[in-house]
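Here is a quick walk through the side-chain contacts and helices of one chain. Have the viewer open while you read.

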Amino acid sequence: VRHLYICDFHKNFIQSVRNKRKRKTSDDGGDSPEHETDVPEVDLFQLQVNTLRRYKRHYKLQTRPGLNKAQLAETVSRHFRNIPVNEKETLAYFIYMVKNNKSRLDQKSEGSKQLE
């Protein structure tokens, strides 16, 4: 998606993450490990079965053959929740890419042009 500015959806999302983080640290007076595991839940059951299968194949998740959509979504959700993410770095990278009107696809095409 090409934006010349941060759209309202992403701006509100970033602000809500910041507000949640502030409230957690101010309520208990410090950072405790149990609060770090409190992440927003992503409903991966809304994805199509083919998308869940591609995710499983990309991350090489080991499952038994013939899983139904609910089982596949649960397996993918479990893996998705356990992926470590550096929030500060991710947000900074996202904002940089938006401000410079770029996407990861642009980087791949620039790299292939240099090889020609």
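## The charged cluster

E74, R78 and R81 are linked in a network of salt bridges. Keep in mind that this is a predicted model. A search of the whole structure turns up two salt bridges. One of them joins the side chains of E74 and R78, at 3.9 Å from N to O. In the other, the side chains of R81 and E74 meet, and the N to O distance is 3.9 Å.

Where do E74 and R78 sit relative to each other in helix α4? They are four residues apart in that helix, which covers residues 69–81, so about one helical turn separates them.

How buried or exposed are the partners? E74 has 39% relative accessibility, so it counts as partly exposed. R78 comes out at 41% and is partly exposed as well. R81 has a relative accessible area of 40%, so partly exposed is the label here too. For reference, partly exposed is the band between the under 20% cut-off for buried and the over 50% cut-off for exposed.

## Helix α4 itself

Does the length of α4 add up, or is it off? With 13 residues at 1.5 Å a residue, α4 should span 18 Å, and its end C-alpha atoms are 18 Å apart, so the two agree. The expected span is 1.5 Å times one less than the number of residues, which is why the 13 residues give that value.

At the N-terminal end, N68 acts as a cap for α4: one of its side-chain oxygens lies 3.2 Å from the backbone nitrogen of A70.

## The buried side of α4

Which residues of α4 are buried? They are L72, A73, T75, V76 and S77. What do the buried residues of α4 pack against? Their packing partner is α3, residues 49–58.

S77 deserves a second look. This residue belongs to helix α4, and at 9% relative accessibility it counts as buried, because the cut-off is under 20%. A polar atom of the S77 side chain lies 2.8 Å from the backbone oxygen of A73, and A73 is itself among the buried residues of α4.

## Rings

The count of aromatic pairs comes to one. That pair is Y55 with Y59, and it is tilted: 4.7 Å centre to centre, with 45 degrees between the planes. Tilted is the label because the angle is neither under 30 degrees, which would be stacked, nor over 60, which would be edge-to-face.

The two tyrosines carry unlike accessibility labels: Y55 counts as buried at 17% relative accessibility, whereas Y59 is partly exposed with a relative accessible area of 38%. There is also a charge over a ring to look at: the charged end of K69 sits over the ring of F45, 4.8 Å from its centre.

## The chain as a whole

Zooming out, the chain has six helices and zero strands. Along the sequence, that reads as α-α-α-α-α-α.

Of the 116 residues in the chain, 15% are buried. What share of the contacts between residues at least 6 apart in sequence joins residues at least 24 apart? For this chain it is 47%.

Note on methods:
Residues numbered from 1 in each chain as written. Predicted model: local features only at pLDDT ≥ 70, side-chain atom pairs only at ≥ 80, totals over all residues. Heavy atoms only, no water. Salt bridge = Lys/Arg side-chain N within 4 Å of Asp/Glu carboxyl O. Helix = DSSP H or I, 4+ residues; strand = E, 2+ residues; numbered from the N terminus. Buried < 20%, exposed > 50% of the residue type's maximum accessible area, 1.4 Å probe, protein only. Phe/Tyr/Trp six-rings, centres within 6.5 Å; stacked < 30°, edge-to-face > 60°. Lys NZ or Arg CZ within 6 Å of the ring centre and 35° of its normal. Contact = heavy atoms within 4.5 Å. Polar contact = N/O pair within 3.5 Å; in protein donor to acceptor, adjacent residues only side chain to side chain.
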